[in-house]
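Trainee: Got a minute to go through this one with me? I'd like to start with the strands and then hop around a bit.

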Amino acid sequence: MADVQKLAALQDIDVMIRERRNDEEIGFTTEGIDVLERARSKLSKEIDGRLLRLYERLTKRYDRAVVPVIEHRCLGCSMSVPTAKRKSGEDRRTKSVVVCESCGRILFFV
Ligand SMILES: [Zn+2]
């Protein structure tokens, strides 16, 4: 699995943890946060450290740091993604991660 896919999975886990924390704040009892946090720490060990730090930095600014590219556009900011970046992102053999030139989010090519 490419790092960006792992990162997208990590983001999903973070969203689920956040949802459960919000539920607890408004008085619901939730289960499974410990399972999610274990999964998070396991997965984060498999992701390149530099990429992980970029992700952590972006999540301070955005709810979602990893966004899909649909119809050649970054869905984080709606700006179109230049062809060269798109080619590199769509090439499954490259391990490099592509970020949006406009908003800096990590792009996920589907
Ligand atoms: Zn963007």
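**Strands, then helices**

Mentor: Sure. Keep in mind that this is a predicted model. There is an open sheet of three strands here, in the order β2-β1-β3, and the pairing is mixed.

Trainee: Which strands stand at the edges?

Mentor: β2 (73–74) and β3 (106–109) do. Each has a single partner strand, so one side of each has no neighbour in the sheet.

Trainee: OK, and how many bridges join β1 to β3?

Mentor: Four, and the two strands run parallel. β1 covers residues 66–70.

Trainee: What's the bridge partner of Pro-68 in β3?

Mentor: That's Phe-108.

Trainee: Switching topic: where does Leu-58 sit?

Mentor: In helix α3, which takes in residues 49–61.

Trainee: Buried or exposed?

Mentor: Leu-58 is buried, because 20 other C-beta atoms lie within 10 Å, and the cut-off for buried is 20 or more.

Trainee: What is Leu-58 in contact with, leaving aside neighbours within four places in sequence?

Mentor: Ala-65, Gly-104, Arg-105 and Ile-106.

Trainee: And what separates Leu-58 from Pro-82?

Mentor: Their C-alpha atoms are 21 Å apart, with the two residues 24 apart along the chain.

Trainee: Now α2. How many of its 12 residues are buried?

Mentor: Zero, so α2 lies largely in the open.

Trainee: What about its span?

Mentor: Helix α2 runs over residues 33–44, and at 1.5 Å a residue it should span 16 Å. The C-alpha atoms at its ends are 16 Å apart, which agrees.

Methods:
Residues numbered from 1 in each chain as written. Predicted model: local features only at pLDDT ≥ 70, side-chain atom pairs only at ≥ 80, totals over all residues. Contact = placed C-beta atoms within 7 Å. Pairing = 2+ DSSP bridges. Expected span 1.5 Å × (residues − 1).
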